[in-house]
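Please open the model in your viewer and keep the sequence panel beside it. The tour below goes from one selection to the next and says what to look for at each stop.

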Amino acid sequence: RFTVRLSDGSVHELKRGGDDIPVTASNRDEYITLALRARLSEQQAQVAAVREGMASVIPIQLLNLMTWRDLEVRVCGVNEIDVEILRRHTKYSGVSPDAKHIELFWEMLTEFNQEQRRDFVRFCWAQERLPANDAEFERTKTRFQIKASIKDGDPDLMLPSADTCFFNFTLPAYSSKEVMKKKVLYAIEQVTTMDKDEGMEGVDGVGDEEE
């Protein structure tokens, strides 16, 4: 039939009476053309709304000066996490940047692949991308902060935590990079909630610590 199912699950007639018109070898080219046009234009209302919103912020003519990749970077940030840029825009609270476990942390993060780095940024900030460069960090007043853990007990039995609203990361003073990697990877891969306490209970002694 001369119908097509759209993204929302609804069935759309491609021409008047299309529900009663079978697709045959002789009209298949027409069907393909109409089906393709319908699928490519079904988000026109949403695209128009986005365009209207952008036009309220910047002159819409400026978009002609950029490719879609340029626009993506300006709106969403870069898809690849540059550890050195992040390190340059990191503050420290209650811990020295020269502390052994801080150096181990940066070594570990550098060894992470891009997917793991994005998971880490999402764990700390609830989004996967960073500002594109140093200038964008400064313009947006973005900074990453590593905080000392104030909990008592063996750090190797603790998990890291984050304050996603503030891009803060609390890092226990792990005894080795291997222990740190195990704990950090568990946190960023298994704890999907923004509540830093939820999902931590009962993991390698975590949950038995006093608050």
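What follows is a walk through a predicted model, with aromatic residues as the main thread.

**Stop one: a pair between two helices**

Begin by selecting phenylalanine 105 and phenylalanine 120, and show their side chains. By the ring-pairing rule the model holds 10 aromatic pairs, and in this one the ring centres are 5.6 Å apart with the planes at 50°, so the pair is classed as tilted. Phenylalanine 105 belongs to helix 5 (residues 100-111) and phenylalanine 120 to helix 6, so the pair ties together parts that lie 15 residues apart in sequence. Both phenylalanine 105 and phenylalanine 120 are buried.

**Stop two: a stacked pair**

Next, select tryptophan 125 together with phenylalanine 167, an aromatic pair that counts as stacked, with 4.4 Å from centre to centre and 10° between the planes. This pair links distant parts of the chain, since tryptophan 125 is in helix 6 while phenylalanine 167 is in the loop between strand 5 and strand 6, 42 residues away. Are these two residues buried or exposed? Tryptophan 125 has a relative accessibility of 18% and therefore counts as buried, and phenylalanine 167, at 2%, counts as buried too.

**Stop three: the loop residues beside this pair**

Stay with phenylalanine 167 and look at its backbone, where phi is positive, about 60°, although the residue is not a glycine. Most residues other than glycine have a negative phi. Now add alanine 126, which also is not a glycine and has a positive phi, of about 65°. Alanine 126 is found in the loop between helix 6 (114-125) and helix 7 (134-139), and because its relative accessibility is 41%, it counts as partly exposed.

Then select phenylalanine 166, in the loop between strand 5 (161-163) and strand 6 (168-171). Its C-alpha atom is separated by 7.2 Å from that of tryptophan 125, although the two residues are 41 apart along the chain. Phenylalanine 166 has a relative accessibility of 57% and so counts as exposed, whereas phenylalanine 167 counts as buried.

**Stop four: the aromatic cluster and the core**

Widen the selection to Phe105, Trp106, Phe120, Phe123, Trp125, Phe144, Phe167 and Phe169, which form one aromatic cluster. Which residues have the most contacts inside the largest nonpolar core? They are Phe105, Trp106, Phe120, Phe144 and Phe169, in a core of 32 residues. The elements that give two or more residues to this core are helix 4 (83-88), helix 5, helix 6, strand 4 (144-148), strand 6 and helix 8 (177-190), and helix 5 gives the most, with six residues.

To see this from a single position, centre the view on phenylalanine 105, which, leaving aside neighbours within four places in sequence, is in contact with Phe120, Phe144, Ile146, Phe169, Leu171 and Met180. Apart from this core lies another one, of seven residues, including Leu14, Leu34, Ala35 and Ala38. In soluble globular proteins, nonpolar side chains tend to be buried together.

**Last stop: a charge over a ring**

Finally, select lysine 15 and phenylalanine 2, where the charged end of the lysine sits over the phenylalanine ring, 5.4 Å from the ring centre.

Conventions. Residues are numbered from 1 along each chain as its sequence is written. This is a predicted model: local features need pLDDT of at least 70, side-chain atom pairs count only at pLDDT 80 or more; totals for chains, interfaces and linings use all residues. Side-chain values use heavy atoms; hydrogens and water are left out. Helices (H or I, at least four residues) and strands (E, at least two) are DSSP runs, numbered from the N terminus. Buried means under 20% relative accessible area, exposed over 50%, partly exposed in between (1.4 Å probe, protein chains only). Rings of Phe, Tyr and Trp (its six-membered ring) pair if their centres lie within 6.5 Å; planes under 30 degrees apart count as stacked, over 60 as edge-to-face and the rest as tilted. A charge sits over a ring if NZ of Lys or CZ of Arg is within 6 Å of the ring centre and within 35 degrees of the ring normal. A nonpolar core is a set of buried Ala, Val, Leu, Ile, Met, Phe, Trp, Tyr and Cys residues joined through side-chain atoms within 4.5 Å. Contact means heavy atoms within 4.5 Å.
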